[in-house]
Amino acid sequence: KGRILKEDVQSWVKTRLAAAPASAATALPSIPEVDFAAFGPVETVALSNFQKATVGNMLRSWLNVPHVTQFDFADVTDLEAFRSGLKPEMQQRNNKLTPLAFLLVAVARALREHPRFNASLHPDGAQLVFKQYVHVGIAVDTPQGLAVPVIRDVNTKSMWELAAEARELAEKARNRKLKLIDMQGSCFTISSLGNIGGEGFTPIVNAPEVAILGVSKLAVRPVWSGTEFLPRKTLPLSLSYDHRVINGADAGQFMSSLVAMLADIRRLLL
């Protein structure tokens with residue numbers, strides 16, 4: 001009588017599945033196209049090749065890496081006091097020591113202490129590749145989009161050298177003078193929002209790396225000393241990691257090491 005029966009639906013589904021390619025069942029549904037001009041004036045601007053590359057890289061990383069993000073605060077009151085005391089030497093050297101330089105040294109030490117963070121999952125998914133070098137990418141915001149130049153052998157360089165190299169690479173990035181090799185080979189990435197703001201964010205792992213550290217805006221917060229609340233300068237940290245390689249305990253230990261070193265930079269000498 002023209003009714004659609006259960007058997008009709010089952011037959012239709014079998015026909016569709018038989019005709020569809022194997023990957024169609026797991027393919028991401030496309031976002032419907034919308035005519036935005038129907039709602040008001042619009043302007044369409046083509047993405048640059050650099051921006052297209054970033055889009056592709058971020059999409060691959062997000063789809064292939066099971067992300068987990070852990071948050072913490074580092075008490076950098078003493079670090080900032082020490083850094084402030086170095087201003088005369090900074091002027092003499094014509095080299096500014098930013099918090100990034102301290103982060104680079106601390107991250108390099110943490111990567112050596114926790115080697116799973118300095119590894120990559122082999123393409124066969126059955127092996128880990130442990131790197132015997134420590135190259136760290138630093139995310140730089142440029143007019144053309146996000147660039148991630150790489151500082152090589154961070155664990156072998158002084159803080160002054162790291163500060164100068166980070167500034168030089170950032171300038172190259174903003175002036176579009178980076179070479180392809182300048183953005184290759186990183187083991188770990190630091191993405192800092194600096195003074196832009198925010199108390200935390202979830203950075204996307206830059207695969208085939210297995211972790212990335214997000215750094216938000218330094219701010220004064222009340223910290224309990226055991227007897228009273230004290231105003232302390234704290235730095236919000238966000239550690240995103242690949243859960244196929246790193247579990248929660250690994251991440252907790254890595255973050256604890258990093259926070260301890262930033263809270264007392266004398267630990268960097270141990």
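## Backbone exceptions

Asn 94 is exposed in this predicted model. Its relative accessible area is 66%, so Asn 94 is over the 50% cut-off for that class. Asn 94 sits in the loop between α4 (87-93) and α5. Its phi is positive, at about 55°, although Asn 94 is not a glycine.

Asp 153 also has a positive phi, of about 50°, and it is not a glycine. This residue belongs to the loop between β7 (150-151) and α6. Is Asp 153 buried, exposed or partly exposed? Its relative accessibility is 33%, so Asp 153 counts as partly exposed.

A further backbone feature lies in the loop between β8 and β9, where Pro 208 is found. The peptide bond that joins Ala 207 and Pro 208 is cis. Its omega is about 10°.

## Overall shape

The protein chain has 270 residues, and 36% of them are buried. Its secondary structure comprises seven helices and 11 strands. The C-alpha trace spans about 90 × 45 × 40 Å along its principal axes.

What is the radius of gyration of the protein chain? It is 24 Å, while a compact globule of 270 residues would be near 18 Å. Contacts in the chain with a separation of 6 or more were also sorted by distance in sequence. Of these, 62% join residues 24 or more positions apart.

## The nonpolar core

The largest nonpolar core holds 53 residues. Six of them touch the most other members: Leu 97, Phe 188, Leu 213, Leu 237, Leu 239 and Leu 262. Several helices and strands supply at least two core residues each. The helices are α5, α6 (159-174) and α7 (248-263). The strands are β4 (136-138), β8 (188-192), β9 (211-215) and β11 (229-242). Which element gives the most to this core? It is α5, with 10 residues.

Phe 188 shows how parts of the chain meet. Leaving out residues up to four places away in sequence, Phe 188 touches Val 107, Leu 111 and Phe 117. It also touches His 135, Val 136 and Gly 137. Glu 209, Ala 211, Ile 212 and Leu 213 are further partners of Phe 188. Leu 239 and Phe 254 complete the list for Phe 188.

## A buried serine

Ser 120 lies in strand β2, which covers residues 119-121. Its relative accessible area is 7%, so Ser 120 is buried. Which residues is Ser 120 in contact with, leaving aside neighbours within four places in sequence? They are Gln 127, Leu 128, Val 129, Lys 131, Pro 208, Glu 209 and Val 210. Pro 208 is the residue joined to Ala 207 by the cis peptide bond. Glu 209 is also touched by Phe 188.

Val 13 is 107 residues from Ser 120 along the chain. The C-alpha atoms of Ser 120 and Val 13 are separated by 41 Å.

## The cavity

Rolling a probe the size of a water molecule over the atoms shows where empty space is left. The count comes to one cavity of 30 Å³ or more. The largest cavity has a volume of about 40 Å³. Its lining consists of Val 76, Leu 79, Glu 80, Pro 99, Phe 102, Leu 103, Leu 218, Leu 235 and Leu 262. Leu 262 is also among the core residues that touch the most other members.

Both α3 (77-85) and α5 (99-113) give two or more residues to this lining. The most come from α5, with three residues. What classes of residue line the largest cavity? Eight are nonpolar, none is polar and one is charged.

## The second largest pocket

The second largest pocket has a volume of about 310 Å³. It is lined by 17 residues. Those closest to its centre are Val 105, Met 159, Ile 265, Leu 268 and Leu 269. By class, the lining has 12 nonpolar, one polar and four charged residues.

The elements that give two or more residues to this lining are α5 and α6. The largest share comes from α5, with five residues. Helix α5 also gives the most to the lining of the largest cavity and to the largest nonpolar core.

Conventions: Residues numbered from 1 in each chain as written. Predicted model: local features only at pLDDT ≥ 70, side-chain atom pairs only at ≥ 80, totals over all residues. Heavy atoms only, no water. 1 Å grid on protein atoms, 1.4 Å probe; cavity = no way out; pocket = protein on both sides within 12 Å on 5 of 7 lines; lining within 4 Å. Points joined across faces, edges and corners; volume = space filled by probe spheres on them. Helix = DSSP H or I, 4+ residues; strand = E, 2+ residues; numbered from the N terminus. Nonpolar A, V, L, I, M, F, W, Y, C, P; charged D, E, K, R; others polar. Core = buried A, V, L, I, M, F, W, Y, C linked by side-chain atoms within 4.5 Å. Buried < 20%, exposed > 50% of the residue type's maximum accessible area, 1.4 Å probe, protein only. Contact = heavy atoms within 4.5 Å. Rg over C-alpha atoms; globule rule 2.2 N^0.38 Å.
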